[in-house]
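Trainee: I am new to this structure and would like a close look at one part of it. Please keep the sentences short.

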Amino acid sequence: MLRKLLVTSVLSLAALGVAAPAIAQDGPLRIEITDGVIEPMPFAIAAFHDEGGAGELLGQVQRLIAADLTGTGLFREIPASAHISRPAGFDAPVAYEDWKAVNAQALVTGAVRVEGGKVIVKFRLFDVFAGQPLGDGMQFDASTGNWRRAAHKAADQVYSRLTGESPYFDSRVAFVAESGPKDARRKRIGVMDYDGANIRWLTDDSSLVLAPRFSPDGNRLLYTSFASGFPRIMMMDVNSMQTRTLSEQQGTMSFSPRFSPDGRWIVYSLEQSGNTDIYQMDAQTGAQRALTNSPSIETSPSYSPDGSQIVFESDRSGTPQLYVMSAGGGEARRISFGEGRYGTPVWSPRGDMIAFTRQVGGRFHIGVMRTDGSEEKMLTESFLDEGPTWAPNGRVIMFMRTTPGDDGQSRLHSVDITGRNMRPVDFNGAASDPDWGPLLP
Amino acid sequence: MGMAMKQMMKLAALGVVVALGACSKPQGAMVNDPYASGQGAYDGVGVGTLPGSAEYFRTAVGDTVNFQLDQSTLSSEARGILARQAQWMNANPNFSAVIEGHADEQGTREYNLALGARRASSVQEYLISQGVGAGRLRTVSYGKERPLAVCSTEECFTRNRRGVTVVAPGVGS
């Protein structure tokens, strides 16, 4: 029953070393996210072993792995009070019968060790009813301050092996925190872990800032700032927090920026004399060119993951609808045909779907459709849902929900692509404009 | 002189009394009257704003026009207000203006920024058609970021769909 642990080599620069590339094995145990899971898979986490100096981190790591998994809505944790036995050590055999008896289909075992300012998290995953391990045991290490990342990495492995999907827990979200009254809102940009932890502020709230957007590698951030008195696109190096203005053409406004998947280009909206079109800018040289040229409003562009196409919003038909054009501009084809208005389209990182905001009958929805506009499905409904952003694996969407009235507030929520698992993001305050960054290395 | 008379009549109609004695003050400054806050005003003496002040423009001329849902076309009422704005700007050439375009909260942030820009531009074009120099007018859109009214009913939405001409001393670009 003993399996050899793959040993991590710690990169001196990276805060976290990963033992092995993610290998999603085809095991007998599998839960399909696209089925619209109604009955979550029961799993257990056997109490982790302290292999030296773990202290409080032992429980914290274990609880975070459980929270990541149950937060997907795909898994249900069997409480420790129901457990019959526990392996004597991390490498000791698993008593499958004891876990079958409590109907745990999957079992996670683990150990935590702290040494030299680092936390080392080990885990194994077992298919209880098949009576065998599901993939190799792995270990992750991080500085103790980054213990959450090590736990997210372990949970990501469990999620991947059980769903066949790419991981997403070890990722960050850029967002706008909001304070103050509705008619004098103050906004500042922050970055947090996907679960709301580890908030880091990137701007203050002295001027209005909107819609941060990560570069594909997560190292740069585009956003729109009113610091000059007029909307301008800014680019910030997330690590050094150095900022520069990208488009300073007098008498124009620029907003709604996004990077191309290779990070070379920025696509955005430029307004001149009241008319808004989509432009493309070379992120290095700043050279710009128009991709649309129409008297209607063209905004909210988003690249396909292969960089060949752009989906955007236009009211050329009379109401805002979604269109797809070549990344070089030119003819666009309309892909939204339902009642109401469509906006903020975002191409899934998997390439298979487009998420959008739809306003119909005085209500707002976050929806998804195939990239040709077929199989449209609404995932949410409220007074005001807006601004979807995809998890790195294209299976979960984060968005903002705003409540009506004098004391109306925006909050971040997430929902999976079946629409079943909607939940608020654990950020203690009003927030808007989420942008989900890449899976961290 | 005829213009000043007209402005006074308008003020009277609005219930605002011009502080006549303030004419010697520099044009464009607000009347900075120690009694203006109301607590110490002499009985029977009203306090008002100078016709050549930004405050006068805001309160007496009218700095705001409203728009229909999703529209940036000007109603006849809006054109009337803008004609008065143009008249005032033509009479006060040492002022320039930033025209703010706003949208209600129905609509996405980015679309509303573009829609607000359209509205600001409509106002700008109309003022230019009334003889205001283009170099004195700039536009900015706040989209749905700066509502005037905070309720979430059509009454507030109507007030928030607006173009606001904000004048300030200066000759513009």
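Which side chain does Arg149(A) meet in a salt bridge?

Mentor: This is a predicted model, so treat every value here as computed from that model. The side chain of Arg149(A) meets that of Asp170(A). The N to O distance is 2.9 Å. Now place the two partners. Arg149(A) sits in helix α3 of chain A, which covers residues 147-163. Asp170(A) sits in the loop between α3 and β9 (171-179) of chain A. The pair therefore ties together parts that are 21 residues apart in sequence.

Next, the surroundings. Arg149(A) has a relative accessibility of 10%. Buried means under 20%, so Arg149(A) counts as buried. Asp170(A) is buried as well, with a relative accessible area of 1%.

Set a second pair beside this one. Arg124(A) forms a salt bridge with Asp91(A). Their closest N and O atoms are 3.1 Å apart. Arg124(A) belongs to strand β6 of chain A, residues 118-127. Asp91(A) belongs to the loop between β4 (75-77) and α2 (96-101) of chain A. These parts are 33 residues apart in sequence, and the pair ties them together. Here the burial is mixed. Arg124(A) is buried, at 4% relative accessible area. Asp91(A) is partly exposed, at 39%.

Stay with strand β6 for a moment. β6(A) is joined to β8(A) by 6 bridges, and the two run antiparallel. Within β8(A), Ser143(A) stands opposite Lys118(A). Strand β8 of chain A spans residues 138-143 and is mostly covered. Of its 6 residues, 5 are buried.

A third pair is Arg316(A) with Glu298(A). Their side chains meet in a salt bridge at 3.2 Å, N to O. Arg316(A) is in the loop between β21 (309-314) and β22 (321-326) of chain A. Glu298(A) is in strand β20 of chain A. The two lie 18 residues apart, and the pair links distant parts of the chain. Arg316(A) is partly exposed, with a relative accessible area of 35%. Glu298(A) is buried, at 0%.

How do these pairs fit the whole? Over all chains, a search of the structure finds 31 salt bridges. Between chain A and chain B the count is 7. One of them joins Lys187(A) to Glu145(B), with the closest N and O atoms 2.7 Å apart. Both residues also belong to a network of salt bridges. The other members are Glu178(A), Arg185(A), Asp433(A) and Arg109(B).

That network leads to the interface. On chain A, 47 residues are in contact with 28 residues of chain B. The two chains bury about 3100 Å² between them. Of that area, 54% is on carbon and sulfur atoms. In chain A, Lys182(A), Phe230(A) and Ile297(A) lose the most area to chain B. Together they make up 18% of what that side buries. There are also 17 residue pairs in polar contact between the chains, counted where both residues reach pLDDT 80 or more.

Several strands of chain A each supply at least two residues of the side that touches chain B. Among them are β12 (209-214), β16 (252-259) and β20 (298-303). The residues of that side divide into 17 nonpolar, 16 polar and 14 charged.

One loop residue gives a view of the contacts. Asp183(A) lies in the loop between β9 and β10 (186-193) of chain A. At 34% relative accessibility, Asp183(A) counts as partly exposed. Leave aside its neighbours within four places in sequence. Then Asp183(A) is in contact with Arg146(B), Pro147(B), Leu148(B) and Val150(B). Within its own chain, its C-alpha atom is separated from that of Asp406(A) by 9.1 Å. Those two residues are 223 residues apart along the chain.

Finish with a sheet. Chain A has an open sheet of 4 strands, in the order β24-β25-β26-β27, with antiparallel pairing. β24 and β27 (377-378) stand at the edges, each with a single partner strand. One side of each is therefore left without a neighbour in the sheet. Strand β26 of chain A, residues 363-370, is joined to β27(A) by 2 bridges. Across that pairing, Val368(A) stands opposite Lys377(A) in β27(A).

Key: Residues are numbered from 1 along each chain as its sequence is written. Chains are lettered from A and ligands numbered from 1 in the order in which they are written. This is a predicted model: local features need pLDDT of at least 70, side-chain atom pairs count only at pLDDT 80 or more; totals for chains, interfaces and linings use all residues. Side-chain values use heavy atoms; hydrogens and water are left out. Contact means heavy atoms within 4.5 Å. Buried area is the accessible area (1.4 Å probe) that two parts lose on being put together, summed over both. A salt bridge is a side-chain nitrogen of Lys or Arg within 4 Å of a carboxyl oxygen of Asp or Glu. A polar contact is a pair of N or O atoms within 3.5 Å; within protein, one must be able to donate a hydrogen and the other to accept it, and residues adjacent in sequence count only if both atoms are side-chain atoms. Ala, Val, Leu, Ile, Met, Phe, Trp, Tyr, Cys and Pro count as nonpolar, Asp, Glu, Lys and Arg as charged, and the others, Gly among them, as polar. Two strands pair if DSSP finds at least two bridges between them. Buried means under 20% relative accessible area, exposed over 50%, partly exposed in between (1.4 Å probe, protein chains only).
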